Structures are given as structure tokens and as C-alpha cells.
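Q: Please take a close look at the part of this structure around the ligand. Start there, then work outward to the elements behind it.

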Amino acid sequence: LNTPEKVNVVWHPHKVQRSRGCVVWFTGLSGCGKSTIASEVDHLLHGRDVGCTVLDGDNVRHGLNASPEILSQSYDDNFSQRFGLGFGPVDRQENIRRIGCVSELFCAAGIITLAAFVSPYRDDRDQVRKLVTQSGGKTDFVEVYVNAPLDVCEARDPKGLYKKARAGEIKNFTGIGSPYEPPLAPELELLSHTATPDVLAVQVVNYLEQIGKLSSGSPTATTEREDR
Ligand code: ADX
């Protein structure tokens, strides 16, 4: 790695190299079904003894990427404002950057990482793709566009957030006051209003099977890692 010298941190090569997992990145509007499909895929893979995990926006935003308001329950204002994340473009960028790094760590540990985030900006998703594929191979990042029309997501409104956004209570809600940039060349596109989550999850599992991600079972220690 080319770390600038002034940073004073140097990459430490590890002795054990594990076989990699992959990152399955679900993107789409709030309420399009990303988390439900990811959870179904998780269930199917667990049933086959494949090491996997789900990361999703609503949960991660309670911990690693908590808001300033959540952090202020335990930290002072300065800390909470500095590290807490909201939904402005830069905060979303940092949200996806952190999740990208966490996904890469899981992937390197041999785990199939099912990441379900609105991730509305193409460039943020492409940065994660770059990180994951340059550490592994081209097939280590699978972008899944969970495509449901805005009016379908809004009619579902499982958390009542579209209603709040229409009432002006959430200013930058994706699809209403904030843009969503659909992927241009996703590995998979799921028309989530045309089939049930369990049927769509099977499509994802079949794709992983096709590209050879389900053949090697659980993570195994293999050879010594080469210097980077
Ligand atoms: S992302 O845009 O930064 O990728 P993320 O996936 O972490 O978003 O979180 C999205 C979830 O936060 C939504 O499913 C919704 O429940 C909630 N949410 C709250 N405010 C907003 C908002 N302004 N835009 C989109 N989702 C929001």
C-alpha cells in the first residue's frame, strides 16, 4: 500500500491468508425490500453452512454510524457532532465509506457480507467496489439493484417515513427531497415489486453459485500472505 510517509502508519502484513468471501451490496430506495431480501439470502446461506452476515442501514446507524443525537446520550457535544452521521450528502458518503471498510474486513475473513444500504450516490458505491475488488478479485463485489418504483415504496411506507417526508418533517428523504442515482451496470437487478422476497433471494443465491462463491464452504487458512 502506498501510505504517505507523513501519516506514520504502515501496513502490517499478516502471516495467514484466508480464502475470501465477497460483498453483496443491495442498493435501492427506503422500503424497496433490500433488508428483507438480504435477510432471506442470509437464511438460505446459513442453511447451507456458508459463513455470512447482514449489515443494514437502520441497524448500523444505531451503533458504528450513530447520529449525533444518539451519541450525545453518552458523549459530549463536540464528540457527537464530529463523529455522528446524519443524511446530508457528505454524511451519507462517510456512512458508506465506513461500511465499505467493514465489509472488506468481513470479506477478507472469508465471510459473505450482505450489505443493505440506500447508498444513493453512485460514486460512493463505486468507491466500495474499488476497495473490495482491488483487495480481492473482480467478482468479490456484487452490486444488487433492488428496483421498486417510488410510488410502490411510498405506498408500503413500513416506517411511516415517506409520510413524514411529504409533510416536510424530513427534509432530505431519498426519493423526495434527496436524489437516488440508480446503478448503471449492476451485477443483478431485482424488480422487487414483481416477486416475493424469498423468490428474489433465490435469484441472488443462484447468481453467487454461478460465479463460484458458494463452492468452498467455511473460511480456511491457506498460504502465507505475500507482502503488499
Ligand atoms: S444511506 O443513504 O446513508 O445509505 P442508510 O441505508 O444508512 O442510508 O439508512 C437508510 C434508512 O434510514 C432508511 O431505510 C430509513 O429508515 C432511515 N432514514 C432516516 N432518514 C432518512 C433520509 N433522510 N433518507 C433516507 N433514509 C432515511
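A: A polar contact is a pair of N or O atoms within 3.5 Å. Keep that cut-off in mind. The model here is a predicted one.

Begin with R92. An N or O atom in the side chain of R92 sits 2.8 Å from an oxygen atom of the ligand. That is within 3.5 Å, so the pair counts as a polar contact. N95 makes a similar entry. Its side chain has an N or O atom 2.8 Å from an oxygen atom of the ligand. T174 uses its backbone instead. A backbone N or O atom of T174 is 3.4 Å from a nitrogen atom of the ligand.

Now the cover. On its own, the ligand has 560 Å² of accessible area, and the protein covers 93% of it. Two elements give two or more residues to the shell around the ligand: α2 (57–60) and α5. The element that gives the most is α5, with three residues. In total, 18 residues surround the ligand. The ones that come nearest are R61, R92, N95, S119 and K159.

Next, follow helix α5. This helix spans residues 89–108, and S103 lies in it. Is S103 buried or exposed? S103 counts as buried because its relative accessibility is 0%. Leaving out residues up to four places away in sequence, S103 touches V23, W25, L55, T113 and A115. S103 and V132 are 29 residues apart in sequence, yet their C-alpha atoms are 8.1 Å apart in space.

Then comes the sheet. Five strands form an open sheet, with parallel pairing. Their order is β3-β4-β2-β5-β6. The edge strands are β3 (52–56) and β6 (188–191), and each pairs on one side only. From one strand to the next, the twist averages 20°.

Look at one pairing in detail. Strand β2 (residues 22–27) and strand β4 (residues 112–116) run parallel, joined by five bridges. V24 has L114 as its bridge partner in β4.

Two more helices belong in this picture. Helix α6 (residues 122–135) packs on the sheet and touches β2 and β5 (141–147). The direction of α6 makes about 155° with that of β5. Helix α9 (residues 197–210) lies across β2, β5 and β6. Relative to β6, helix α9 runs at about 170°.

To recap, α5 gives three residues to the shell around the ligand. In that helix, S103 is buried and touches residues including V23 and T113.

Conventions. Residues numbered from 1 in each chain as written. Predicted model: local features only at pLDDT ≥ 70, side-chain atom pairs only at ≥ 80, totals over all residues. Heavy atoms only, no water. Helix = DSSP H or I, 4+ residues; strand = E, 2+ residues; numbered from the N terminus. Buried < 20%, exposed > 50% of the residue type's maximum accessible area, 1.4 Å probe, protein only. Contact = heavy atoms within 4.5 Å. Pairing = 2+ DSSP bridges. Axes fitted to C-alpha atoms, helices over the stretch in contact; angles between N-to-C directions. Near = heavy atom within 4 Å. Polar contact = N/O pair within 3.5 Å; in protein donor to acceptor, adjacent residues only side chain to side chain. Areas by Shrake-Rupley, 256 points an atom, 1.4 Å probe, with all protein chains shown as cover.
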